[in-house]
Amino acid sequence: MRSDRRLVGLRLAATIASLAGLALLKGPGLLVLTAALIVLNLLLNPEGLALFGKLRLWPFLLAPPLIGAAVLGPRDLALGALRLSREGLALGLVMSGRGLCLLLAFQVALGGLSVTRLIGVFHSRGLKGLGFALGVAYNMLATLGEISLTTLYTLRLRGAFRRHPVRAFGLFAVTVVSAALRHAEDIVHAATVRGFDAR
Amino acid sequence: MKRGFSVREWVFVGLFGALWGAVEMTLGSVLHLIFPPIADTFLVGLIMASIGCLIALCGRVFVPRRGSILLIGLITAVLKAFSLGGVKVGPIIGILAESLLMELGLLGSRRGSYAAFAVSGLLAVSWNFFHRFVMMGLLYGAGFFEVATRMVRDGSRLLGIREELIFLILGVLLLIRMAAGAAAGAAAWGLAGQIQKRLRHEER
């Protein structure tokens, strides 16, 4: 538990340091920060680097240099038939570097953590109520799914969505939330009889 | 003056956080698949922000304490951060900003009213307009604004329209978001009333 807490502290310190670096560094300094964040991710959260395998990352990284080279500054760089701008390309690369640093910093902060670990961290930092609420929320997701499906099927079988679609959505929301609140009351009773006090 | 939240209040904060989180994880993901963020910068954000407002403001009726919406937002953001698909910075910042704005909108009225909820919803959903600019500014730095200004100028010249018209279009988009937010806030007040009525009816 103590090593867990130390690791969370280390992750947080590394994230704050990288955000500060991001605010202060410019140009090539960002490349050094990116490399440092990749190494940190390799050490603390190797799965986080699967980010580079995701297709949606590449348009986000490639768009700024491409758009920058096409719309900013004098066209002084010839690539075949294309006339691009060195100034725009450099600005775009810095923009992409910044974005990548921010993503990697978040990976360092949250990667490798889980909801259960985070609840433990909240408890150990004196945020007992918040940890409890997070636990309730996390464990309630499955129940909410069941309640929503039952309500949805009931309303659909009665033809509510076909006859009065708007009213049916209102009824759906009221039924799901009131059923969830009834379930929440059971949790309150269970916590109270166990002597739990979040104050 | 009550000290801290009671067990019931914490459970309700967890419940409404779970409700908002569930919508973000299911409907949010599906809508982002149908309308990818690169192609759509309006509809998905508007729908998700309005539903988020509806749930969080409804939660405020059941936990009438300052800071309850912010806590609901915090729990939603944590659930979203640990959902399938990994850490996504944009939605997390969006959820936290929206809950902060809802909380600010209700600073003057603890118990709430139709008007206070509408103002609160208006503020929260308006964030959706600034979100893209703030996120791009955060991610790409000042260079983004330089590129965006140049693109607006080139785009207006290419399409043969005046630059001011682009600001007019942006203004209309902001107004639509404000109207949707106000409607979501007022609807949350009505929905919470209906839920309370049903719960009272069941108790009898």
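**A pocket and an interface between chains A and B**

In this predicted model, 31 residues line the second largest pocket, and those nearest its centre are Phe172(A), Leu19(B), Val23(B), Ile51(B) and Ile55(B). Four helices give two or more residues each to this lining: α6 (128-157) and α8 (165-193) from chain A, and α1 (7-34) and α2 (43-62) from chain B. The volume of the pocket is about 1,000 Å³. Sorted by class, its lining consists of 25 nonpolar and six polar residues, with no charged residues.

The next subject is the interface of the two chains. Here 53 residues of chain A are in contact with 48 residues of chain B. The size of an interface is often expressed as the accessible area that is lost when the parts come together. For chain B and chain A the buried area is about 4,500 Å², and carbon and sulfur atoms give 77% of this area.

What polar and charged pairs cross the interface of chain B and chain A? The count of salt bridges between the two chains is one. This salt bridge joins the side chains of Arg8(B) and Glu185(A), with an N to O distance of 2.7 Å. Two residue pairs are found in polar contact across the interface, both at pLDDT 80 or more.

On the side of chain B that touches chain A, the elements giving two or more residues are α1, α3 (68-81), α5 (114-140), α6 (143-159) and α7 (163-203) of chain B. Of these, α1(B) gives the most, with 13 residues. By class, this side of chain B has 32 nonpolar, eight polar and eight charged residues.

Over all chains, the structure holds three salt bridges. The pair of Arg8(B) and Glu185(A) crosses between chains, running from helix α1 of chain B to helix α8 of chain A. These two helices are also among the elements that give two or more residues to the lining of the second largest pocket.

A last stop is a loop in chain A. Pro74(A) sits in the loop between α3 (57-71) and β1 (77-79) of chain A. Which residues does Pro74(A) contact, leaving aside its neighbours within four places in sequence? They are Leu84(A), Ser85(A), Arg86(A) and Glu87(A). For Glu87(A), which is 13 residues from Pro74(A) along the chain, the separation of the two C-alpha atoms is 7.6 Å.

Note on methods:
Residues are numbered from 1 along each chain as its sequence is written. Chains are lettered from A and ligands numbered from 1 in the order in which they are written. This is a predicted model: local features need pLDDT of at least 70, side-chain atom pairs count only at pLDDT 80 or more; totals for chains, interfaces and linings use all residues. Side-chain values use heavy atoms; hydrogens and water are left out. On a 1 Å grid over the protein atoms alone, a cavity is a set of points where a 1.4 Å probe fits but cannot get out, and a pocket is an open set with protein on both sides within 12 Å along at least five of seven lines; lining residues have an atom within 4 Å of a point. Grid points are joined across faces, edges and corners, and a volume is the space filled by probe spheres set on the points. Ala, Val, Leu, Ile, Met, Phe, Trp, Tyr, Cys and Pro count as nonpolar, Asp, Glu, Lys and Arg as charged, and the others, Gly among them, as polar. Contact means heavy atoms within 4.5 Å. Buried area is the accessible area (1.4 Å probe) that two parts lose on being put together, summed over both. A salt bridge is a side-chain nitrogen of Lys or Arg within 4 Å of a carboxyl oxygen of Asp or Glu. A polar contact is a pair of N or O atoms within 3.5 Å; within protein, one must be able to donate a hydrogen and the other to accept it, and residues adjacent in sequence count only if both atoms are side-chain atoms.
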